[in-house]
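Good morning, colleagues. I should like to take a few minutes to go through one structure with you. Please have the sequence and the coordinates open as I speak.

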Amino acid sequence: MSSRRSERLVNLVIALLVTDRPLTRAELQATIVDYRGKSVAAFERIFERDKDELRNQGIDVRAVDIDSYFGHEVGYRIPRSDFELPAVQFSQAEADALGMAARVWRDKVLDESSASALTKLRAAGVEPDTEAGISTQVSSGPDQTGFPELWRATLSATPVRFGYRDAIERHVEPWRLVLRRGHWYLLGFDRDRRDARIFRLSRISSPVVEEGQPGSVSRPDPEVVQGHLSRLEPPPAEPVPALIAHHHGLRMPGPAVPAELPTDLPEGVGLPADFVAETVVFAGMDQLVTFLLQSGGRAVLVAPDRARQALAQRVVAIDARSWSHRRSPAAGRPESEGASPW
């Protein structure tokens with residue numbers, strides 16, 4: 001098949017795919033460059049050959065009757081559902097895992113391949129969450145000593161040895177590599193201590209060396225592994241009920257019920273007309289403090305005192321940081337005196 005005919009067939013397929021209605025022969029002759037300028041007989045002959053060629057290749061070129069002012073005409077189209085490849089069936093968890101893996105190797109030899117994998121996922125309509133479970137920048141750089149070796153050893157079930165915290169060598173049967181709050185950890189069976197142990201990769205102090213045959217590591221059941229990994233999770237936060245005065249349009253992050261302000265507020269302190277008071281149950285102290293800081297002055301913490309102290313400590317810690325856009329000493333510093341007694 002000549003390159004010119006191949007190009008004409010591709011153009012014909014594109015025209016019949018992108019249209020939202022069947023195209024008549026006259027419209028196709030005006031659309032496809034190679035059909036233009038041909039006599040009616042020559043066009044009919046070429047179009048019939050092209051149509052038969054596409055059908056022989058398994059492309060369903062359908063003829064459809066079209067009602068028009070000039071009687072019935074025949075139009076042509078290619079159903080997209082019959083021509084396109086089936087959708088890539090990745091669950092969101094699978095897409096997130098692929099996205100995370102692409103980030104892990106972005107500084108390694110797989111950088112180009114991982115970028116291509118992300119592009120293909122997005123082209124398939126699946127947006128991977130490359131930040132899933134990651135609170136800090138993740139890489140397999142200096143802070144992740146031995147990551148490639150441990151990754152391979154975990155996949156191949158091969159025992160390893162390495163120095164840990166500049167101490168004696170540890171001999172480990174690797175079970176699982178996990179990421180928690182921006183740090184990689186190895187869970188495995190410590191042969192020296194005869195028990196399961198969790199090792200933070202950034203604390204490995206020597207090269208990781210395989211010592212044993214691939215497949216010689218026996219992993220426990222997933223429930224047992226997950227039980228060991230639960231030690232990496234922070235304890236659940238204690239719910240904190242708090243009395244909040246806030247703008248009536250501000251959405252609360254937890255259950256809220258109307259409340260009365262205490263009677264011992266400083267004299268002259270009151271709510272603006274568009275503020276309301278509610279008792280709100282927060283999932284933890286961190287959520288409470290973060291919500292108040294992000295409210296931009298539209299919410300005020302009235303009680304309890306321990307929450308007010310936590311908020312004050314966070315504000316002091318923020319003020320103590322080095323900010324690149326802070327005022328110069330000559331420009332003066334915002335006064336903290338005379339602030340709201342709330």
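**Strand pairing and helix packing**

Let me begin with arginine 161, whose bridge partner in β8 is valine 209. Before going further, I should say that this is a predicted model.

That pair belongs to the contact between β4 and strand β8, residues 209-210, where 2 bridges join strands that run antiparallel. β4, residues 160-163, also pairs with strand β5, residues 169-180. That pairing is antiparallel too, and it extends over 4 bridges. Within it, glycine 163 has glutamate 169 of β5 as its bridge partner. How many residues lie between β4 and β5 in the hairpin that they form? There are 5, and arginine 165, in the turn, has a positive phi of about 55°.

I now turn to the open sheet. Four strands make up this sheet, in the order β10-β11-β9-β12, with antiparallel pairing. Which strands are at the edges? They are β10, residues 256-258, and β12, residues 299-303, each of which pairs on one side only. On average, neighbouring strands of the sheet are turned by 35° against each other, with direction ignored. As a general reminder, strands of a sheet pair through backbone hydrogen bonds, in either a parallel or an antiparallel manner.

Consider first the edge at β10, where we find alanine 256. Is this residue buried, partly exposed or exposed? Its relative accessible area is 33%, so alanine 256 is partly exposed, since that class lies between the cut-offs of 20% and 50%. Leaving aside residues up to four places away in sequence, alanine 256 touches Glu278, Thr279 and Val280. For threonine 279, the C-alpha to C-alpha distance from alanine 256 is 5.5 Å, although the two are 23 residues apart in sequence.

At the other edge, β12 pairs with strand β9, residues 240-247, in the antiparallel sense over 4 bridges. Here isoleucine 244 stands opposite leucine 301 of β12.

Two helices pack against this sheet. α10 touches β9 and β12, and its direction makes about 135° with that of β12. α9 lies across β9, β11 and β12, and runs at about 10° to β9.

These two helices also meet one another. The axes of α9, residues 285-294, and α10, residues 305-319, come within 10 Å and cross at roughly 60°. α9 is therefore oblique to α10, and the crossing is right-handed. On the α9 side, the contact involves Met285, Asp286, Leu288, Val289, Thr290, Leu292 and Leu293. From α10 come Arg306, Ala307, Ala310, Leu311, Arg314, Val315 and Ile318. By class, this contact has 10 nonpolar, 1 polar and 3 charged residues.

Finally, I come to a second helix pair. Helix α1, residues 3-18, and helix α3, residues 40-56, have axes that come within 11 Å and cross at roughly 75°. The two are therefore roughly perpendicular to each other. In α1 the contact residues are Arg5, Arg8, Leu9, Leu12 and Val13, and they meet Ile46, Phe47, Arg49, Asp50, Glu53 and Leu54 in α3. This contact divides into 6 nonpolar, no polar and 5 charged residues.

Thank you for your attention.

Notes
Residues numbered from 1 in each chain as written. Predicted model: local features only at pLDDT ≥ 70, side-chain atom pairs only at ≥ 80, totals over all residues. Heavy atoms only, no water. Axes fitted to C-alpha atoms, helices over the stretch in contact; angles between N-to-C directions. Parallel < 35°, antiparallel > 145°, perpendicular 65-115°, else oblique. Contact = heavy atoms within 4.5 Å. Nonpolar A, V, L, I, M, F, W, Y, C, P; charged D, E, K, R; others polar. Left-handed = near helix turned anticlockwise from the far one by under 90°. Pairing = 2+ DSSP bridges. Buried < 20%, exposed > 50% of the residue type's maximum accessible area, 1.4 Å probe, protein only.
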